[in-house]
Amino acid sequence: MPKMTFLERNGTRREVDAPSGLSVLEIAHKHGIDIEGACEGSLACSTCHVIIDAAWFPKLAAPTEDEEDMLDLAFGLEKTSRLGCQIVMSDALDGLIVKLPAATRNAAG
Ligand code: FES
């Protein structure tokens with residue numbers, strides 16, 4: 001089974017099983033990783049924002065225009081930002097590394 005690694009906000013690396021066909025958001029939820037995903041993958045929020053490791057970014061399918069529009073609203077956008085619900089795990093992505101954005105709407109304090 002493919003695996004992927006989440007880099008959490010406190011710097012913890014979490015390597016987890018990442019079944020093909022599940023989105024990065026679904027994988028995060030399965031393992032209790034703190035990505036909100038308020039709209040559950042229907043491209044109506046940007047709370048599933050993740051930052052893709054630079055080496056992995058070019059290997060992902062290009063974002064749709066709808067994803068890019070939503071990403072523009074994400075807080076702390078970086079060059080390799082994507083929406084976690086739009087990245088579907090496959091064998092080709094075995095070893096994928098994504099970082100959780102440092103700031104969220106709730107972390108201002
Ligand atoms: S969960 Fe809302 S856009 Fe991904």
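Which residue forms a salt bridge with glutamate 8, and how far apart are the closest N and O atoms? The partner is arginine 14, and the closest N and O atoms are 3.7 Å apart. Before I go on, please keep in mind that this is a predicted model.

Let me stay with that pair for a moment. Glutamate 8 has a relative accessible area of 18%, and the cut-off for buried is under 20%, so glutamate 8 counts as buried. Arginine 14 is partly exposed, at 27%.

In total, the structure holds 4 salt bridges. I will describe two others.

One of them joins lysine 3 to aspartate 17, with the closest N and O atoms 2.8 Å apart. Lysine 3 belongs to strand E1 and aspartate 17 to strand E2, which covers residues 13-17, so this salt bridge ties together parts that lie 14 residues apart in sequence. As for accessibility, lysine 3 is partly exposed at 32%, and aspartate 17 is partly exposed at 34%.

The other is between aspartate 34 and arginine 9, where the closest N and O atoms are 3.1 Å apart. Here the two residues sit in loops: aspartate 34 in the one between H1 and E3, arginine 9 in the one between E1 and E2. They are 25 residues apart, and the pair links distant parts of the chain. Aspartate 34 is exposed, with a relative accessibility of 51%. Arginine 9 is partly exposed, at 35%.

Now to the rings. How many aromatic pairs does the structure hold? The count is 0. There is, however, a charge over a ring: the charged end of lysine 59 sits over the ring of tryptophan 56, at 4.6 Å from the ring centre.

Next, the interior. The largest nonpolar core has 26 residues, and the members that touch the most others are Met4, Phe6, Ile35, Ile52, Leu96 and Val98. Which elements give two or more residues to this core? They are strand E1 (3-7), helix H1 (24-30), strand E3 (49-52), helix H2 (65-71) and strand E5 (96-99). Helix H1 gives the most, with 4 residues.

Let me take isoleucine 35 from that core as an example. What does isoleucine 35 touch, leaving aside residues up to four places away in sequence? The contacts are Phe6, Leu25, Ala28, His29, Thr47, Cys48, Val50 and Leu100. Of these, Phe6 was also named among the core members that touch the most others.

To close, back to the charges: lysine 3 with aspartate 17, glutamate 8 with arginine 14, and aspartate 34 with arginine 9 are the salt bridges I have covered.

Conventions: Residues are numbered from 1 along each chain as its sequence is written. This is a predicted model: local features need pLDDT of at least 70, side-chain atom pairs count only at pLDDT 80 or more; totals for chains, interfaces and linings use all residues. Side-chain values use heavy atoms; hydrogens and water are left out. Rings of Phe, Tyr and Trp (its six-membered ring) pair if their centres lie within 6.5 Å; planes under 30 degrees apart count as stacked, over 60 as edge-to-face and the rest as tilted. A charge sits over a ring if NZ of Lys or CZ of Arg is within 6 Å of the ring centre and within 35 degrees of the ring normal. A nonpolar core is a set of buried Ala, Val, Leu, Ile, Met, Phe, Trp, Tyr and Cys residues joined through side-chain atoms within 4.5 Å. Buried means under 20% relative accessible area, exposed over 50%, partly exposed in between (1.4 Å probe, protein chains only). Contact means heavy atoms within 4.5 Å. A salt bridge is a side-chain nitrogen of Lys or Arg within 4 Å of a carboxyl oxygen of Asp or Glu.
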